[in-house]
Amino acid sequence: RRMENIMAVIALAGLVVALFYGLGTKLFGRTYLDTCEDALKATLKAPSTYKRIKSSGSNAPDGYFIIDYDASNPMGVPMRGHGMCFLEKGKARWAEVEQY
């Protein structure tokens with residue numbers, strides 16, 4: 001009987017870990033993409049004008065995202081941007097990439 005209880009606790013703990021990993025930061029209302037967008041916006045002169053056009057990547061603590069976006073420059077001129085966000089243990093680093 002004791003072994004069954006131990007197995008039940010292990011199974012429950014595994015389920016909790018799997019759910020947390022699968023949902024990531026969504027449990028707290030945010031995703032890793034949100035974290036990347038925060039890093040991107042921190043580099044913009046007019047972050048309130050940011051609008052995501054498209055994104056792709058992996059929603060994981062050690063993943064990455066490629067983001068295309070529109071934002072205005074300091075003169076109010078809309079600009080298209082493109083870059084990559086690298087996630088390391090859930091912390092984001094943004095790198096702008098030139099498109100040719």
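Author: A pocket, in the sense used here, is an open set of grid points with protein on both sides within 12 Å along at least five of seven lines. In this predicted model, the largest pocket holds about 200 Å³ of space.

Reader: Which residues line the largest pocket, and which of them lie nearest its centre?

Author: The lining comprises 13 residues, with Leu44, Tyr69, Ser72, Asn73 and Met79 lying nearest the centre. Strand E2 (64-72) and strand E3 (78-88) are the elements that each give two or more residues to this lining. Sorted by class, the lining has six nonpolar, four polar and three charged residues.

Reader: What makes Tyr50 and Tyr69 an aromatic pair that is tilted?

Author: Their ring centres are 5.7 Å apart, and the cut-off for a pair is 6.5 Å. The planes stand at 35°, which is neither under 30 degrees, as stacked requires, nor over 60, as edge-to-face requires, so the pair counts as tilted. Because Tyr50 lies in the loop between helix H2 (32-41) and strand E1 (51-57) while Tyr69 lies in strand E2, the pair ties together parts that are 19 residues apart in sequence.

Reader: Why does Tyr69 count as buried?

Author: Its relative accessibility is 6%, and buried means under 20%, so Tyr69 meets the criterion. Tyr50, at 13%, also counts as buried.

Reader: Why is the pair of Tyr69 and Trp94 called edge-to-face?

Author: With 6.2 Å from centre to centre and 70° between the planes, the pair falls within 6.5 Å and over 60 degrees, and is therefore edge-to-face. Tyr69 in strand E2 and Trp94 in strand E4 (residues 91-96) are 25 residues apart. Ring pairs thus link Tyr50, Tyr69 and Trp94 into a cluster.

Conventions
Residues are numbered from 1 along each chain as its sequence is written. This is a predicted model: local features need pLDDT of at least 70, side-chain atom pairs count only at pLDDT 80 or more; totals for chains, interfaces and linings use all residues. Side-chain values use heavy atoms; hydrogens and water are left out. On a 1 Å grid over the protein atoms alone, a cavity is a set of points where a 1.4 Å probe fits but cannot get out, and a pocket is an open set with protein on both sides within 12 Å along at least five of seven lines; lining residues have an atom within 4 Å of a point. Grid points are joined across faces, edges and corners, and a volume is the space filled by probe spheres set on the points. Helices (H or I, at least four residues) and strands (E, at least two) are DSSP runs, numbered from the N terminus. Ala, Val, Leu, Ile, Met, Phe, Trp, Tyr, Cys and Pro count as nonpolar, Asp, Glu, Lys and Arg as charged, and the others, Gly among them, as polar. Rings of Phe, Tyr and Trp (its six-membered ring) pair if their centres lie within 6.5 Å; planes under 30 degrees apart count as stacked, over 60 as edge-to-face and the rest as tilted. Buried means under 20% relative accessible area, exposed over 50%, partly exposed in between (1.4 Å probe, protein chains only).
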